[in-house]
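Work through the three exercises below with the structure open. Try each task before reading its solution.

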Amino acid sequence: MTDTTLPADAPLYIVLNAGSGASEKEERRAAIEEVLTAAGRRFYLHLVEDGGELDEAAIAHAGKACANGGILVAAGGDGTINAVARQAVRHGCPFGALPQGTFNYFGRTHGISEDLTEAVHALLGATIRPVQIGSVNGRIFLVNASIGLYPKLLEEREQDKRHYGRSRVVAFLSALKTIFLPHRRLRLTLEAEDRTLHLRTHTLFVGNNRLQMEQVGLTEQAPDVADGELAAVAPKPAGKLGMLGIVLNGVLGRLGDTGDVVTFGFRRMTVRTPFYGRKRIKAAVDGEVLTLSTPLHFEALDGRLRLLVPAGSPAEALS
């Protein structure tokens, strides 16, 4: 798929998550306004103070962007970017991202700077590239979706971040703590195009981001993501010390060398669970914990997000 250009005067409809503090909020707002005002670019900035209003703001601004030939832009972490991108896909308007999260896998994959001023400057000369997204039960994800231990890990991590601040160190220590909490294994049946697997695991992870796969050491599976597929990853059954070893190998980028995980690429997959009288399960979708009905239906959606990428960003980059 080839990149396309946008009119230089296409208005920007920006949904900015307020973040964790008043000073941070004002700094982000000022950085965006300063760059766009100096460039003479039309823009409309909506500051979301309450996370519960994020979806409503995204829907409203997606409609305006679509009606006025504009661009819908998200400024915030993975959850904010996912929520706004979801409306860009639904309305069919171009989408820009100003990543301000902890890991920013989506932005880094597409060459979008983590420096807010640089990222806003890049929007002004960006081109549109259709990129792949994932879907689980119709809910899109840009980076990953998972069930089992990982959603629990995310819930614990958010609590720890509220107490100790947002950093990669806090995220890592929180993950170690969660591993030693009581949790049960899942019994799953995975039905992909050419295989059916029955397995027991603590967590099922489905990735849509090549960079994240490479960083944990799953380099052989990363090309699957870049080639129109999602990647399924499930740790083999292990005790708490075994799980600790798996996490540490992932942090060190050696997960693919251990033989401790089942991995494969797919375009469509159904995940069934043997829950009796229980048909709903917690899932983490780009860092947001949701409750979904089973069975789960995963699908790679090629080229469905019309993403603004910086000029000169490698054409082969995929989320």
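**Exercise 1. Cysteines**

Task: State whether Cys-66 is buried, partly exposed or exposed, and find out why Cys-66 has no bond to the closest cysteine sulfur.

Solution.
1. This is a predicted model. Cys-66 has a relative accessible area of 41%, so it is partly exposed.
2. Next, look at its partner candidate. The closest cysteine sulfur belongs to Cys-93, 6.1 Å away.
3. A disulfide needs the two sulfur atoms within 2.5 Å. At 6.1 Å, the sulfurs of Cys-66 and Cys-93 are too far apart for a bond.
4. Check from the other side. Cys-93 is in no disulfide, and its nearest cysteine sulfur is that of Cys-66.
5. Cys-93 has 4% relative accessibility, so it counts as buried.
6. Searching the whole structure gives 0 disulfides.

**Exercise 2. Strand 13**

Task: Which strands pair with strand 13, and in which sense?

Solution.
1. Start with strand 8 (residues 186-192). It runs antiparallel to strand 13 (residues 268-272), with 4 bridges between them.
2. Find a residue pair here: Glu-191 lies opposite Thr-270 of strand 13.
3. Now take strand 16 (residues 296-309). It also pairs with strand 13 through 4 bridges, again antiparallel.
4. Here Arg-268 faces Glu-299 of strand 16.

**Exercise 3. Val-35**

Task: Which residues does Val-35 contact, beyond neighbours within four places in sequence?

Solution.
1. Locate Val-35 in helix 1 (residues 22-39).
2. Its relative accessible area is 7%, so Val-35 is buried.
3. Set aside the neighbours within four places. Val-35 then contacts Thr-117, Val-120, His-121 and Leu-124.
4. Compare sequence with space. Val-35 and Glu-118 are 83 residues apart in sequence, yet their C-alpha atoms are 9.2 Å apart.

Conventions: Residues numbered from 1 in each chain as written. Predicted model: local features only at pLDDT ≥ 70, side-chain atom pairs only at ≥ 80, totals over all residues. Heavy atoms only, no water. Pairing = 2+ DSSP bridges. Helix = DSSP H or I, 4+ residues; strand = E, 2+ residues; numbered from the N terminus. Buried < 20%, exposed > 50% of the residue type's maximum accessible area, 1.4 Å probe, protein only. Contact = heavy atoms within 4.5 Å.
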